[in-house]
Amino acid sequence: MFSSFEIIYKFSLQLLLSFWILVWSICSWYGIELAFGISLWQIPATIIGTLLAVVSGVYFYTILSIPYKLSRKFDVIKDKVALELYENCEDFQKEVADFIINFFDYPGANVIGGNFHFNGCKKYVYNSGEEIDKFKSDTITKFKLKSGKQAVYIPIKIADHNLGDMLLIMEGKTLPLFKSIMADFENHFLDDQLYHVLNSVSRNQNNSIK
């Protein structure tokens with residue numbers, strides 16, 4: 001069942017997509033006549049322009065849909081954090097890693113593996129031959145690897161607390177927008193949830209010792 005926010009968001013994107021296609025169709029129709037003073041090519045030009053608008057519009061629609069899809073699907077992990085269902089940090093780390101790799105499979109934002117090191121957890125590596133320590137940075141940084149693939153390094157922080165880091169291995173070209181998407185993911189989704197998990201695991205361990 002869709003939330004009211006999601007319905008409004010999807011409707012807005014669909015409206016924008018329809019407007020994009022309409023504008024391209026009109027411009028294709030009248031552009032030929034204005035540019036060349038002939039109407040012979042208006043119909044094929046309009047067809048080609050509309051097809052280009054549909055293809056590009058669907059791509060933009062997919063990319064712009066990432067925020068609400070991300071919020072909806074990550075909510076499963078947030079619920080488990082709130083219920084303190086993670087018995088150790090490693091379980092949370094692996095679930096987050098699998099979520100990122102499975103979710104981000106878009107052109108320009110295609111994660112195929114990575115190195116994950118959350119504080120208090122053993123490192124989790126999937127489909128990566130890289131050492132995360134070589135990429136340490138204070139900010140989200142994109143690197144080009146010797147293999148030709150790209151990697152994005154993401155430090156995880158909340159206030160003055162360093163909570164760990166991730167190195168995401170990318171397939172194909174990576175959109176500049178991907179860095180901003182991951183900055184929002186780290187800031188609005190991941191850092192506070194990781195902090196809660198670390199606290200709950202530590203508290204449960206202390207209680208079991210007593």
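Helices and strands here are DSSP runs, numbered from the N terminus; a helix needs at least four residues and a strand at least two. The model is predicted.

**Exercise 1. Lay out the fold.**

Task: State how many helices and strands the protein has, and in what order the elements run.

Solution:
- Step 1. Count the elements. The protein has five helices and six strands.
- Step 2. Read them from the N terminus on. The order is α-α-α-α-β-β-β-β-β-β-α.
- Step 3. Add the contacts. Take those between residues at least 6 apart in sequence: 61% of them join residues at least 24 apart.
- Step 4. Add burial and surface. Of the 210 residues, 38% are buried. The accessible surface is about 12,500 Å², and carbon and sulfur atoms account for 62% of that.

**Exercise 2. Classify two aromatic pairs.**

Task: Find which kind of pair Phe74 and Phe185 form, then do the same for Phe99 and Phe185.

Solution:
- Step 1. Start from the search of the whole structure, which gives 14 aromatic pairs.
- Step 2. Take Phe74 and Phe185. Their ring centres lie 5.4 Å apart, with 80° between the planes. Planes over 60 degrees apart count as edge-to-face, so this pair belongs to that class.
- Step 3. Place the two rings. Phe74 sits in helix α3 (residues 66-82) and Phe185 in helix α5 (residues 177-209). The pair therefore ties together parts that are 111 residues apart in sequence.
- Step 4. Check burial. The cut-off is under 20% relative accessible area. Phe74 is at 0%, so Phe74 is buried. Phe185 is also at 0% and therefore buried.
- Step 5. Take Phe99 and Phe185. The centres are 6.4 Å apart and the planes differ by 15°. Planes under 30 degrees apart count as stacked, so that is the class here.
- Step 6. Place this pair too. Phe99 belongs to helix α4 (residues 89-103) and Phe185 to helix α5, 86 residues apart. Both Phe99 and Phe185 are buried.
- Step 7. Widen the view. Phe74, Phe99 and Phe185 belong to one aromatic cluster, which also includes Phe103, Phe104, Tyr106, Phe178 and Phe189.

**Exercise 3. Characterise the disulfide.**

Task: Say which cysteines form the disulfide, where they lie, and whether Cys89 is buried or exposed.

Solution:
- Step 1. Recall the chemistry. A disulfide is a covalent bond between the sulfur atoms of two cysteines.
- Step 2. Identify the pair. The structure holds one disulfide. Cys89 and Cys121 form this link, with sulfur atoms 1.6 Å apart.
- Step 3. Assign the hand. The angle about the S-S bond is -55°, and the link of Cys89 and Cys121 is left-handed.
- Step 4. Locate both ends. Cys89 is in helix α4. Cys121 is in the loop between β2 (109-118) and β3 (124-126). The pair links distant parts of the chain, 32 residues apart.
- Step 5. Test burial. Cys89 has 4% relative accessibility, so Cys89 counts as buried. Cys121 has 8%, so Cys121 is buried as well.

**Exercise 4. Map the nonpolar patch.**

Task: Work out which elements give two or more residues to the nonpolar patch, and which gives the most.

Solution:
- Step 1. List the members: Leu16, Phe19, Trp20, Val23, Trp24, Phe60 and Leu64. Together they have about 650 Å² of accessible area on the surface.
- Step 2. Assign the elements. α1 (4-36) and α2 (42-64) each give two or more residues. α1 gives the most, with five.
- Step 3. Examine one member. Phe60 is found in helix α2. Phe60 has a relative accessible area of 43%, so Phe60 is partly exposed.

Methods:
Residues numbered from 1 in each chain as written. Predicted model: local features only at pLDDT ≥ 70, side-chain atom pairs only at ≥ 80, totals over all residues. Heavy atoms only, no water. Phe/Tyr/Trp six-rings, centres within 6.5 Å; stacked < 30°, edge-to-face > 60°. Buried < 20%, exposed > 50% of the residue type's maximum accessible area, 1.4 Å probe, protein only. Disulfide = S-S within 2.5 Å. Contact = heavy atoms within 4.5 Å. Areas by Shrake-Rupley, 256 points an atom, 1.4 Å probe, with all protein chains shown as cover. Patch = residues over 30% accessible without salt bridge, like charges linked within 9 Å, V, L, I, M, F, W, Y side chains within 5 Å. Salt bridge = Lys/Arg side-chain N within 4 Å of Asp/Glu carboxyl O.
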